[in-house]
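Okay, thanks for making time this morning. Let me put the structure up, and then I'll walk you through a few spots.

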Protein chains: 2
Amino acid sequence: MRSRGITVLIIWLLGSLMPASGDDGYRLWLKYDKISDRAYLRECGKALKSVMVTGDSPVLRAAHEELVAGLAGMTDRDISDVQTLTRGGVVVAGTFESSPLIASLLSDVDPGTTGKEGFIIRSVLRKGKRVTVIASDGEKGVLYGVFHLLRLVSMGAPVNDLSVLEKPAVALRLLNHWDNLDRSVERGYAGSSIWNWHLLPDYISPLYKDYARANASIGINGAVITNVNADALVLTAQYLRKVAALADIMRPYGIKVYLTARFSAPTEIGGLPTSDPLDPAVTRWWSDKAAEIYSVIPDFGGFLVKANSEGQPGPQNYGRTHADGANMLADAVAPFGGVVMWRAFVYDNNVPSDRAKQACNEFIPLDGLFRSNVLVQVKNGPIDFQPREPFHPLFGSMPSTSQMIEFQITQEYLGCATHLVFLAPLFEECLRSDTYARGQGSTVADVIDGSLFGQSLTGMAGVANIGSERNWTGHLFGQANWYAFGRLAWQPGISSATIADEWIRMTISHDSRVVEGISNMMLSSRETAVNYMTPLGLHHIMARGHHWGPGPWVDGGRADWTSVYYHRADTAGIGFDRTVTGSNAVSQYFHPLSEIYNDPATCPENLLLWFHHLPWDYRMSSGRTLWDELCNRYDSGVRQAERYSAYWKTLEGRIDDEQYRHVMQLLNIQVKEAHWWRDACLAYFRTFSRKPFPAGIEEPENTLDYYRGLKFYYVPGIKERE
Amino acid sequence: MRSRGITVLIIWLLGSLMPASGDDGYRLWLKYDKISDRAYLRECGKALKSVMVTGDSPVLRAAHEELVAGLAGMTDRDISDVQTLTRGGVVVAGTFESSPLIASLLSDVDPGTTGKEGFIIRSVLRKGKRVTVIASDGEKGVLYGVFHLLRLVSMGAPVNDLSVLEKPAVALRLLNHWDNLDRSVERGYAGSSIWNWHLLPDYISPLYKDYARANASIGINGAVITNVNADALVLTAQYLRKVAALADIMRPYGIKVYLTARFSAPTEIGGLPTSDPLDPAVTRWWSDKAAEIYSVIPDFGGFLVKANSEGQPGPQNYGRTHADGANMLADAVAPFGGVVMWRAFVYDNNVPSDRAKQACNEFIPLDGLFRSNVLVQVKNGPIDFQPREPFHPLFGSMPSTSQMIEFQITQEYLGCATHLVFLAPLFEECLRSDTYARGQGSTVADVIDGSLFGQSLTGMAGVANIGSERNWTGHLFGQANWYAFGRLAWQPGISSATIADEWIRMTISHDSRVVEGISNMMLSSRETAVNYMTPLGLHHIMARGHHWGPGPWVDGGRADWTSVYYHRADTAGIGFDRTVTGSNAVSQYFHPLSEIYNDPATCPENLLLWFHHLPWDYRMSSGRTLWDELCNRYDSGVRQAERYSAYWKTLEGRIDDEQYRHVMQLLNIQVKEAHWWRDACLAYFRTFSRKPFPAGIEEPENTLDYYRGLKFYYVPGIKERE
């Protein structure tokens, strides 16, 4: 009776307010629920029954707390601390340096093997007792090792014969928060910013620590906490106290805080008549500001800068170059070990003939001119986080410059927070793209991890999808994108399938059939979205402003902010001619890629209309005409979305109730919006192709005028009403 | 060992993501945790072991679900449904009409005794078996009865000899949400609006149902879900679908949805050239709009209107009266049973000599001119939700008009979401005030409940403090104010002490010493805030715009939006002369109150400077001069806030950890800000009094210039940056 009562109580406590409620998503992939497989529970209970964390520091205390909490939760036992190795089943964790015991348990390991952030996890027999060692050259490595072990247990991996060596491939693994000081989040779809500036530094929300834990668990070691469209206010003493409070919370989890630097800050908050980067008073202002920042945040990471782009001020306002601007800031933070990340996402006030070419035009001439603590931060593609783009031609084109990549985790162009689109395949596709910069086998990943050009200052940034919604990301599957970014920043070679498998098991279910079904859905979901939004290389045809729904008809105003600029549909055909006889953007890619892209016969079909304007009856590899293929792709995207919804329905009762209901509602929205995308785009493009729909493709539900006339207000992620 | 492990697990499960975390506040006062007192657990387990809800409808299903969940949680047992009364320990719930069984169990009760919303709970012996009956004339009464029984159990009340008859004193018990369609909340301090307009109607957040449950549990039966500063957009078909989805969720909990009506909607969204309420096209537009609304929300409650106030459009724009405007809308909704709530919070474009007088001047002449389905909604005091105001002189002055009262639950002028200020004493003080409208004993409550003038259309509105913060209200103790409003709207005679006792036991602790300590803090907290902010009848001396901190120096711009207009401090003295020789606002009160207020010797000291401009050396009842008394009041407020913080520290380990930490941080902020209020106000008023501080009062920590120079940005609750 008592034990039944306790079971009831446990079930009750697991819930939130509602009688039949379940998992609200707050715990992310760090659920630490009791292991359900009995044999595995016994195995872990025996192998991982006590811990010994050698050394003492904030980072090691965080590692210790996490290890105990995680093991206690999953093995359903008290986890004791031991001081000596008299029994087996102990997890020993610490740095080589601080612990002679660890050095002796792993006597074959040379110093420097793991580096400060890497780690070894190994099952070791000592005097007949089995212990599990987590060791690193640095305490952050110990913390990452702890999270890795907990992940192995969460995944149900064998724990008796462990031999793991992991090291991050990239030095700076950062989230970029486009969070404003008023708590709005640009392109954020998960509620307001988690940073409660008004209450900082006096009120420390429990969210902050849990945010830091989640990031540490996937190896993220930095957070740019303010929007690239920057507000100088955050650099004032009043706000730096608030930033410092956040840095204090994140420090034990190995996370450095970075800020965006408003280039005109010397004028706006410093009272200087100019912000010219070559003006000595400006240089001094930034040096003083850096010193002030480091006096309250000794491990401050540095600045991220968006300059001379979309209205942001920058060095060009004073006739200076991006390098002048970046180097001035780099000099300010260099004495303290800080870095400057300078975004290559720029465009001119003059509309270029092809915006895709602009970053190369502006930045390649600057190669070699940047300070050693500057990274040029380049978006994955040359336009702007589209469902599919070719990789950015800057990658590989600046061999003497540290280049970091910027992915967008938040789904600005991918259905906001209501579409299930697993982004690992998008990230992976880009990272594995061959730039041919040093001949075949020069992948984007090789550029990013520094191996191609021998750089040690390397980085990967992801624009966060995090907000104050209870489940952090709005859509449960948004968590998978945050997770995937961290995993790939740690190890760009890891596959999307592996990431999906890990995330599903930790977040939703261990049932292998469920895992397989959800994994299939996730792994195909990006292609599905490409199909119902922008198949065959189409891009930038979404509604103006909020970027949420379709808007292929968008015209007027600045040309490269319209859709017609990009799709160029006319009665002759569709697509942007970027060949040598067109904008010649193909020439920004290395041989032989430039030739491959230049020829529609060799250009990958999924990028065809990115590089080519082709007639409506152009013959595709399927044997269909371009028009028919376009129709089929749009339709297949819709059908696939419908399949997701139908599949999810079969999960009722097999997964957590609240997760089920939450995702079911969102998948139904996705189906509806996939229809909307298909119908609106095909109704529009038909006015140019003047051809009938191929057999099996339904007429759009409404007229083109209907779709063009739809108005939405207060769409999240932007500040405009409409 | 095993049971210890389970204990650890339970502690773990009680938490959220963090190892040592606890109650995040989401469950509000509906926690339904297992009863900790063993004897009481046995008693309830025996008396309340199964349920029988007769009849079937959405409301009764909601009642059933709640009853089962609540009893299962608290008694830690499965609660079974029974169809017949063969055993004892059954809770039988239903309406008299639908259930012959209930009618027979309560055969002495006449039809109509409870009304549709009231209920009887009675322990009955039937064939030797004890059953608990919850019965009502209406299904909403059954729902309220269920929540009442669950509250009794949550409180630890005996359940074997119940005999309860409860009926609401007021018909419309409404929350007013000042929530905008962009999810900002005017004067909201608990994050963004819980209404996710973008995702409605397709995504139904679990929050909505829990919001409805919480309201139903305290008898709230309506929600105006949009800001009084209204956006006509919500009246479009696109948004009405969203509103209808919310109404569908709230209906089973007895809650009607209301909207604010933008008076210029016929022009803004209807394409009409005018919104003149006497124009036939305008009248027709509103009638058609009402019909459209009721076609999707059959039980739509009606409109709340803020017109010709603070820039809102209204009938006066067309030379019409408030009555013309209200009646036009009232005629539109009357065929469907809707009401119009017309706010009396108005002020002229011309600055009045005394803003406190304006509502009476404008509305008393209209008494008797409003349709029978119009309520005039009057704020509790004549200015604007100050820490203390006299009751509004309109109460009792419009005998032929239904008047409802508007309280502010959100703490616009009371420290936003960081000050612990229990508002029940403020509400109670107002409700118990004697208007003398029909001689002694004509309290505000008697006006509001309709008894004084025989009205049946009665109402009480509270401006909600609810947002998407996990604990709904930002400050845990903000929940108590939501709770208190509901309880007082149900029964204006209930005491603050009773409400505090209920809330603490359901939310924090059953430990009687803890309950007593927290109750003492709560019950004195409003007076504490009055003392450190606006003692002795001072009012409206807060900072401009955000209303958060002190700003007695605010001057310039519209006079009645400044502080100096209200405190009138000069070297001669301080206070607003509203006597017969001053603005004569006293004359708006009935005899003998007008005379009592008119004479400083009889005027209550806590309203002294509201009604009188008095010299700095005016002798107070304490024997101190006015200046010394003012200093002492400010200082005592600070001291009291410090005592709260010190007391709360003693609760560490005696209450939930997360609740402890959350409130501890906020109380420390409150202490800091109490100092700020005292120091800034005294430093400022000293420039007029030119007197030293009395013994024991510390010098302000900073100079007056420092306080005047403080700037804050992005303060919650307003849209301006500063």
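So, α14(A) and α15(A) cross in a right-handed way. This is a predicted model, so keep that in mind throughout. Two packed helices are described by the angle between their axes and the distance between those axes. Here, α14 of chain A runs over residues 478–490 and α15 of chain A over residues 496–507, and they pack at an angle of about 130 degrees with their axes 10 Å apart. That angle makes α14(A) oblique to α15(A).

Who's touching whom? On the α14(A) side you've got Q479(A), A480(A), Y483(A), A484(A), R487(A) and L488(A). Those meet I499(A), E502(A), W503(A), M506(A) and T507(A) in α15(A). Sort the residues of that contact by class and you get 7 nonpolar, 2 polar and 2 charged.

Look at the spacing on those helices for a second. An α-helix has 3.6 residues a turn, so residues three or four places apart point the same way.

Now let me zoom in on one of those residues, Q479(A), which sits in helix α14 of chain A. Is Q479(A) buried or exposed? Its relative accessibility is 0%, so Q479(A) counts as buried. And what does the side chain of Q479(A) reach? The backbone oxygen of G25(A), at 2.9 Å. Leaving out residues up to four places away in sequence, Q479(A) touches G25(A), L28(A), W29(A), N471(A), T473(A), W503(A) and T507(A). One more distance for this residue: Y211(A) is 268 residues away along the chain, yet the C-alpha atoms of Q479(A) and Y211(A) are separated by 12 Å.

Staying in chain A, let's go to α12(A). How many residues of α12(A) are buried? It's 7 of the 8, so this helix is largely enclosed by the rest of the structure. The buried ones are A424(A), P425(A), L426(A), F427(A), E428(A), C430(A) and L431(A). And what do they pack against? Two of the partners are the helices we just looked at, α14 and α15. The others are β13 (402–408), α13, β14 (459–463) and α16 (512–533), all in chain A.

Follow the chain on from there and you get to S442(A), in the loop between α12 (424–431) and α13 (444–448) of chain A. S442(A) has a relative accessible area of 2%, and buried means under 20%, so S442(A) is buried. Its side chain has two backbone partners to point out. There's the backbone oxygen of G439(A), at 2.6 Å, and there's the backbone nitrogen of R438(A), at 3.0 Å. Not counting residues up to four places away in sequence, S442(A) touches S433(A), D434(A), T435(A), Y436(A), A437(A) and L452(A).

One last pair in chain A: α20, residues 626–649, and α21, residues 657–689. They pack at an angle of about 170 degrees, with their axes 9 Å apart. That makes α20(A) roughly antiparallel to α21(A). The residues of their contact divide into 18 nonpolar, 5 polar and 6 charged.

Okay, over to chain B. Helix α7 there, residues 237–250, packs with α9(B) at an angle of about 40 degrees, and the axes are 9 Å apart. So α7(B) is oblique to α9(B), and the crossing is right-handed. The α7(B) residues in this contact are A237(B), L240(B) and A244(B), and they meet K289(B), E292(B), I293(B) and V296(B) in α9(B). By class, that's 5 nonpolar, no polar and 2 charged residues.

Just ahead of α9 there's a loop, and G270(B) is in it, between α8 (265–268) and α9 (280–296) of chain B. G270(B) has a relative accessible area of 28%, so we call it partly exposed. Leaving out residues up to four places away in sequence, G270(B) touches A265(B) and W285(B). G270(B) and W285(B) are 15 residues apart in sequence and 7.4 Å apart in space, C-alpha to C-alpha.

And I'll finish on α2 of chain B, residues 38–47. Which of its residues are buried? Y40(B), L41(B), C44(B), G45(B) and A47(B). These pack against α3 (58–75), β3 (90–95), β5 (129–136) and α5 (139–155) of chain B. At the start of α2(B), a side-chain oxygen of D37(B) reaches to within 3.2 Å of the backbone nitrogen of A39(B).

That's my tour, happy to go back to any of it.

Conventions: Residues numbered from 1 in each chain as written. Chains lettered and ligands numbered in written order. Predicted model: local features only at pLDDT ≥ 70, side-chain atom pairs only at ≥ 80, totals over all residues. Heavy atoms only, no water. Helix = DSSP H or I, 4+ residues; strand = E, 2+ residues; numbered from the N terminus. Buried < 20%, exposed > 50% of the residue type's maximum accessible area, 1.4 Å probe, protein only. Polar contact = N/O pair within 3.5 Å; in protein donor to acceptor, adjacent residues only side chain to side chain. Contact = heavy atoms within 4.5 Å. Axes fitted to C-alpha atoms, helices over the stretch in contact; angles between N-to-C directions. Parallel < 35°, antiparallel > 145°, perpendicular 65-115°, else oblique. Left-handed = near helix turned anticlockwise from the far one by under 90°. Nonpolar A, V, L, I, M, F, W, Y, C, P; charged D, E, K, R; others polar.
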